[in-house]
Amino acid sequence: MKKVFPVVLMLAVLTVSTVAFEKTASAEDVKMVGSITKIEMASDSTSAKVTLKDSKTGENIVVTVADESTLDKFKDKRIVDGDEIRSKYDNQDGRNVAKIFKKTAGC
Amino acid sequence: MVKKIAVSAILGVVLSASLVSAKEHAGKEYILKNGYQGPKTCETCHPGKAKEILGTVHWKHASKVDNVEGLKPGEEYGMKNRIYTMCNGNDIVNNLKEIPPNQLGQTKFSGCNTCHLGDHTSEVGSTGPQAEESIDCLICHSSKYDFSKRKPSKRADGTIIMGQDRSTEAAANLSRPTSKTCMVCHETAGGGVLVKRGFSVDPKNDVHVANKMVCIDCHQVKNHKFPTGYDPNNWAHDGERISCAGECHTSKPHKNADLNRHAEKIACQTCHIPKTGGASAKDFTKWEKQANGFWEPSTLRREVNETKPVYAWYNLTVANRPTFIGPNGSRVDGKSKIYPFKIFQGKAYFNKKTGELMSMDFAPPMANGDALAGVASAAKILGIKDYEPVPGWQTIYFGSNHLVGPKKNALSCTSCHVPNGVLNFSELGYSSKEIQKLTSPELYFEETVKAQEEW
């Protein structure tokens, strides 16, 4: 029994660290630049799903935007289809949630 | 009793007036009936306002400047004509234009003056009836402005114009400008969102915003003239200046006498704006190809609150040399206070023959990355024939005047009065003996111990 306990404890620690590591890895930030091909506002206007065409790969990426300031830019068309966006997002529960969502253009 | 009734009556009138003004613009019915024909519609009830705008920095992008060294007296300076390394261009050399095709054959419109209130046929600083008619009043005054209409386009004759939303819907929905109104332009300065200034108007970042204040609550506009501060890199001004002390705060704003004594020599921003943000460096001699085929100057970006400021004495006059733009001041001139600054360093081309910083037309390097072609184009526009471009760095001190954090984030005794504190006392002009005293816990220990929470 005395020999079994440390092994069980070690396995438990290993399992917990593996799960924690996987969570950290899956939450890694992704950076991309792409053009907006579609903006879908949620019915309650508290978020929007934006499809960005990755400028490097051509792949379509759907990013969820929830910050008020950016949502307001969708509403008054300061950000529209075709605009080029620099975005940083991470995957939360299967959704790419934007941490940064900015037009690349400036003056 | 009579006094109380009078006060209530006045409050009542003010409240009803504000409710009416918040509810509806008095001219809404007129606009709905007659449609919107640009500024002349506004002038029906607000005569003289269009002409008034033409005399402001928002229109001229320049003004006379009296606190910066090395400028020609009587001339006007601003983004219209300045050359420095955050932008390395200005309205003259980077007038809104079509960028030549890149390797992918794509073009785009770009220019420093894309934020100008005119339609680009009437340009920065223009005057006269046509200029008045071209003002985009609604971009600031409408709450229903459709920004998708404010885009540059090319006419059949090749002229580039900037679109405006002059719809009846936009004109019929007027309101007091919000912070968004200002940030439409001001957040994209310097080549991208939050690149130049690095502050976002957000309740998380600023106690004023958290208290529902908007930009014009501090920058209180009178006759379209905006009061501004003394940022060493923000030269043009409308002749009105802004200060924390005044309507909202006094010159002795703290309950603690020691802190009020500090306020005599230390600007409010120093303790209450502990972080800054935005780009920290740019290299205009090396442009990076973007995924879309266009090129951008290489830039070290920093997010909001990501950068620590530096602190220096500032007497509100500005040192202006080719390699340095920043505060003048010292601890002994009797005029200076310690202010926080964001240090920005930019690399661009200097004219070896004169030592002056050269400007760059972004059109060539945006299309193909050729920075020297941009210098040559700008030199041609400015009529400079005798030059030899050599790369070099310029340091600029930007005033750190926004992002006023909550009280708990403000600098405290132990932020500065410790050997590894945020203030470099030696550079601020203090002797070793003085520094020893300034960094001793003797100054604050007893009071801080009393104030700290019990475990």
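The paragraphs below walk through a predicted model of a complex, from its overall dimensions down to single residues.

Let us start with confidence. The predictor gives the complex an ipTM of 0.78, along with a pTM of 0.88. For chain B, the mean pLDDT is 93, and 95% of the residues reach 70 or more. One stretch to treat with care is residues 1-21 of chain B, where pLDDT stays under 50. Over that stretch the model has zero contacts beyond four places in sequence.

Now for chain B as a whole. Its secondary structure amounts to 18 helices and 13 strands. The radius of gyration of chain B is 25 Å, close to the 23 Å from the globule rule for 455 residues, so chain B is as compact as a globular protein of that length. If you lay the C-alpha trace of chain B along its principal axes, the spans are about 75 × 75 × 45 Å. Of the 455 residues in this chain, 36% count as buried. Take the contacts in chain B between residues at least 6 apart in sequence: 63% of them join residues at least 24 apart.

Next, look at where the two chains meet. The contact draws 20 residues from chain B and 15 residues from chain A. On the chain B side, the residues touching chain A divide into nine nonpolar, eight polar and three charged.

Over in chain A, five strands close into a barrel, and their order is 1-2-3-5-4 with mixed pairing. From one strand to the next, the twist averages 55 degrees. Within chain A, strand 2 (residues 48-54) and strand 3 (residues 60-65) run antiparallel and are joined by six bridges. To find your place in this pair, look for A:Lys49, which stands opposite A:Thr64 in strand 3 of chain A.

Back in chain B, two strand pairings are worth following. Strand 7 (residues 281-289) of chain B pairs with strand 8 (residues 295-300) of chain B in the antiparallel sense, over six bridges. Here B:Trp287 has B:Pro297 in strand 8 of chain B as its bridge partner. These strands of chain B form a hairpin with five residues between them, and in that hairpin B:Gly293 takes a positive phi near 95 degrees.

The second pairing involves strand 9 (residues 310-314) of chain B. Four of the five residues in this strand are buried, so strand 9 of chain B is largely enclosed by the rest of the structure. Strand 9 of chain B runs antiparallel to strand 12 (residues 337-351) of chain B, and five bridges join them. One marker of this pairing is B:Trp313, whose bridge partner in strand 12 of chain B is B:Ile338.

Among the helices, helix 9 (residues 179-186) of chain B makes a good stop. Buried in this helix are B:Ser179, B:Thr181 and B:Met183. The cover over the buried residues of helix 9 of chain B includes helix 7 (138-141) and helix 11 (215-218) of chain B. B:His186 also lies in helix 9 of chain B, but this histidine is partly exposed, with 16 other C-beta atoms within 10 Å. B:His186 and B:Asn113 are 73 residues apart along the chain, and their C-alpha atoms are separated by 12 Å.

Finally, three loop residues of chain B deserve a closer look. In the loop between helix 9 and helix 10 (207-210) of chain B you will find B:Leu194. B:Leu194 is buried, with 24 other C-beta atoms within 10 Å. Most residues other than glycine have a negative phi. Against that background, phi of B:Leu194 is near 60 degrees, a positive value. B:His120, which is not a glycine either, has a positive phi of about 80 degrees. The loop holding B:His120 lies between strand 4 (109-110) and helix 6 (129-133) of chain B, and B:His120 counts as buried, with 22 C-beta neighbours inside 10 Å.

The last of the three is B:His417, in the loop between helix 16 (413-416) and helix 17 (432-438) of chain B. B:His417 is buried, with 20 other C-beta atoms within 10 Å. Leaving aside residues up to four places away in sequence, B:His417 touches B:Leu438, B:Thr439, B:Leu443 and B:Tyr444. B:Pro441 is 24 residues from B:His417 in sequence, and 7.3 Å from it in space, C-alpha to C-alpha.

Methods
Residues are numbered from 1 along each chain as its sequence is written. Chains are lettered from A and ligands numbered from 1 in the order in which they are written. This is a predicted model: local features need pLDDT of at least 70, side-chain atom pairs count only at pLDDT 80 or more; totals for chains, interfaces and linings use all residues. A residue is buried if 20 or more other C-beta atoms lie within 10 Å of its own, exposed if 12 or fewer, and partly exposed in between; C-beta atoms are placed from the backbone. Two residues are in contact if their C-beta atoms, placed from the backbone, lie within 7 Å. Ala, Val, Leu, Ile, Met, Phe, Trp, Tyr, Cys and Pro count as nonpolar, Asp, Glu, Lys and Arg as charged, and the others, Gly among them, as polar. Two strands pair if DSSP finds at least two bridges between them. Axes are lines fitted to C-alpha atoms, for helices over the stretch in contact, and angles run from 0 to 180 degrees between N-to-C directions. The radius of gyration is taken over C-alpha atoms; the globule rule is 2.2 Å times the number of residues to the power 0.38. pLDDT is the predictor's confidence in each residue, from 0 to 100.
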